[in-house]
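Subject: Structure for your review

Dear colleague,

Please find the structure below, followed by a short account of what was found in it.

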Amino acid sequence: MKTNKKSISGKHFRQLLTNEAARLMYEENVKQYHTAKWRAAKNILSQGGGKAATVRTRDLPSNGEISERAYQLASMYEGRTLTDRLFEMRLLALEVMATLAEYSPRLIGSVSTGRIKKGSDIDLHVFTDTVEKLESKLNQIDWQYEKETVDIRYKNGFRQFTHIYLNTEYPVELSVYPENDIRVQGRSSTDGKSIIRMSYNRLLDLIQTEHAEEWESFISTSEGNKP
């Protein structure tokens with residue numbers, strides 16, 4: 001938004017941006033915080049003849065503020081449905097992690113924190129020095145998937161990363177890292193803090209704690225369905 005006109009800032013305007021960016025991510029499934037922020041700014045400034053003004057980057061809400069507001073919207077509109085979906089997504093994550101145990105899968109993101117919303121996916125980090133080996137495993141168990149290789153800025157250059165998208169009940173994204181990277185702890189784009197990578201056992205403990213009743217019902221049903 002390049003303009004010589006004055007900038008708009010202030011607590012009230014920041015809250016308007018937060019609400020609109022969260023709405024875009026929740027209702028219109030905008031994936032990137034950066035996109036949501038600037039689209040929100042454009043939408044708000046276009047109301048009431050404010051097109052001539054501009055917004056400084058420092059006046060935009062943080063990713064964490066938007067994430068929290070998007071979760072509040074999801075909780076408000078979906079209620080118990082959101083809790084049920086979180087349990088189902090965590091169960092699916094557990095199943096995928098068990099199946100791909102040899103690749104040391106770790107759960108990150110909204111399914112681990114519980115801050116899911118409509119359109120959330122299951123984010124898993126897997127570790128292997130040979131992507132073809134992982135693909136062979138997926139083909140062997142007949143899981144449908146799509147693969148994407150992207151260049152990401154890394155230190156002083158760029159580095160290729162492979163993402164594999166599983167065609168499951170809830171979308172699952174496998175981000176593939178070299179085996180030694182399991183010791184490397186990145187930072188979250190939401191709050192800037194170290195990313196917590198949740199192991200299979202830790203996720204199981206979380207399910208048994210936060211979804212105790214549902215887990216007991218699931219286990220009893222599973223046992224009853226055994227031949």
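Which residue stands opposite Val176 in strand 5? Thr162 does.

This is a predicted model, in which local features need pLDDT of at least 70 and side-chain atom pairs count only at pLDDT 80 or more, while totals for chains, interfaces and linings use all residues. Residues are numbered from 1 along each chain as its sequence is written, and side-chain values use heavy atoms, leaving out hydrogens and water.

Strands here are DSSP runs (E, at least two residues), numbered from the N terminus, and two of them pair if DSSP finds at least two bridges between them. Strand 4 (157-166) and strand 5 (172-177) pair in the antiparallel sense over five bridges and form a hairpin with five residues between them. Strand 2 (residues 122-127) runs parallel to strand 5, and six bridges join the two; here Val126 stands opposite Val176.

Six of the six residues of strand 5 are buried (under 20% relative accessible area, 1.4 Å probe, protein chains only), so strand 5 is largely enclosed by the rest of the structure. In a regular strand the side chains alternate between the two faces of the sheet. Both faces of strand 5 are covered: Val172, Leu174 and Val176 are buried on one side, and Glu173, Ser175 and Tyr177 are buried on the other.

Yours sincerely

Methods. Helices (H or I, at least four residues) and strands (E, at least two) are DSSP runs, numbered from the N terminus. Buried means under 20% relative accessible area, exposed over 50%, partly exposed in between (1.4 Å probe, protein chains only).
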